Amino acid sequence: MIAISEVGMVTSVGRDAHTTLTSVVCGISRPRELSYFDVVDPELQEPHGVVGHPVEALTEGFHLYGAWLRLGFKALQDLIDRAGPKLARGTEAWRNAALIVVTPDIRADRFMSDGDESTDALREPFLHRIAAWLGVPQTTAHVHAIAIGRTGVFAALETARALLEGAQGERVVVLAMDSLLDTMTLEWLAAQE
């Protein structure tokens, strides 16, 4: 059995899990027109803005890995703050932990991929930075990437269970992030109508 002991989160309606969940329960949302992307109205043949829910000030000016890192670090910081000193960065608690990061499928048409990329492409620029920041050992046994999109959380939970049952760590952090607001994704979505 897997027990979820802490949650960290960052969204357009909260920079932590408590604020986000409270906002959602209260029906609060923060849509705004994206200044950097327009689509053409098929009937009027005029450009109009796209409305999204950006995490303002945190991801602006960052793209793909950069935006994902900023979202991920902020969510992890929330998790650490909520857990207190027992999970402070770089403590013994992280030396016997595993990290599973869930991202969009980097081989998808969405990112104009030729299909040759593997999850190993995520290790150096992305996974190892997060692992080093937390204090998780940067070995293939401790750091895992699941790049299949939003359903990757289910695969991550299965992987986490296998790691815990195999005594390959005392705890596992599942970090999932995505943004549908980067220009490449918006162009892909527009092309798919």
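## Two loop residues and a pocket

Leaving aside neighbours within four places in sequence, D182 is in contact with H63, L64, R110 and F111. These statements describe a predicted model. D182 belongs to the loop that runs between β5 (171–176) and α6 (183–191). With a relative accessible area of 9%, D182 counts as buried, because the cut-off for burial is under 20%. The side chain of D182 also forms a polar contact with the side chain of T185, at 2.8 Å.

A second loop residue, T59, is located between β2 (47–52) and α2 (65–83). T59 is likewise buried, since its relative accessible area is 17% and burial means a value under 20%. A polar atom of the T59 side chain lies 3.2 Å from the backbone oxygen of V55. When residues up to four places away in sequence are not counted, T59 touches A67 and L71.

The polar distances of the two residues are listed below.

| Residue | Partner | Distance |
|---|---|---|
| D182 side chain | T185 side chain | 2.8 Å |
| T59 side chain | V55 backbone oxygen | 3.2 Å |

The second largest pocket holds about 170 Å³ of space. Its lining consists of P104, D105, A108, R110, F111, I148, G149, R150, D178, L180 and W188. By residue class, this lining divides into six nonpolar, one polar and four charged residues. R110 and F111, which are among the lining residues of this pocket, are also among the contacts of D182.

Methods. Residues numbered from 1 in each chain as written. Predicted model: local features only at pLDDT ≥ 70, side-chain atom pairs only at ≥ 80, totals over all residues. Heavy atoms only, no water. Helix = DSSP H or I, 4+ residues; strand = E, 2+ residues; numbered from the N terminus. Buried < 20%, exposed > 50% of the residue type's maximum accessible area, 1.4 Å probe, protein only. Polar contact = N/O pair within 3.5 Å; in protein donor to acceptor, adjacent residues only side chain to side chain. Contact = heavy atoms within 4.5 Å. 1 Å grid on protein atoms, 1.4 Å probe; cavity = no way out; pocket = protein on both sides within 12 Å on 5 of 7 lines; lining within 4 Å. Points joined across faces, edges and corners; volume = space filled by probe spheres on them. Nonpolar A, V, L, I, M, F, W, Y, C, P; charged D, E, K, R; others polar.
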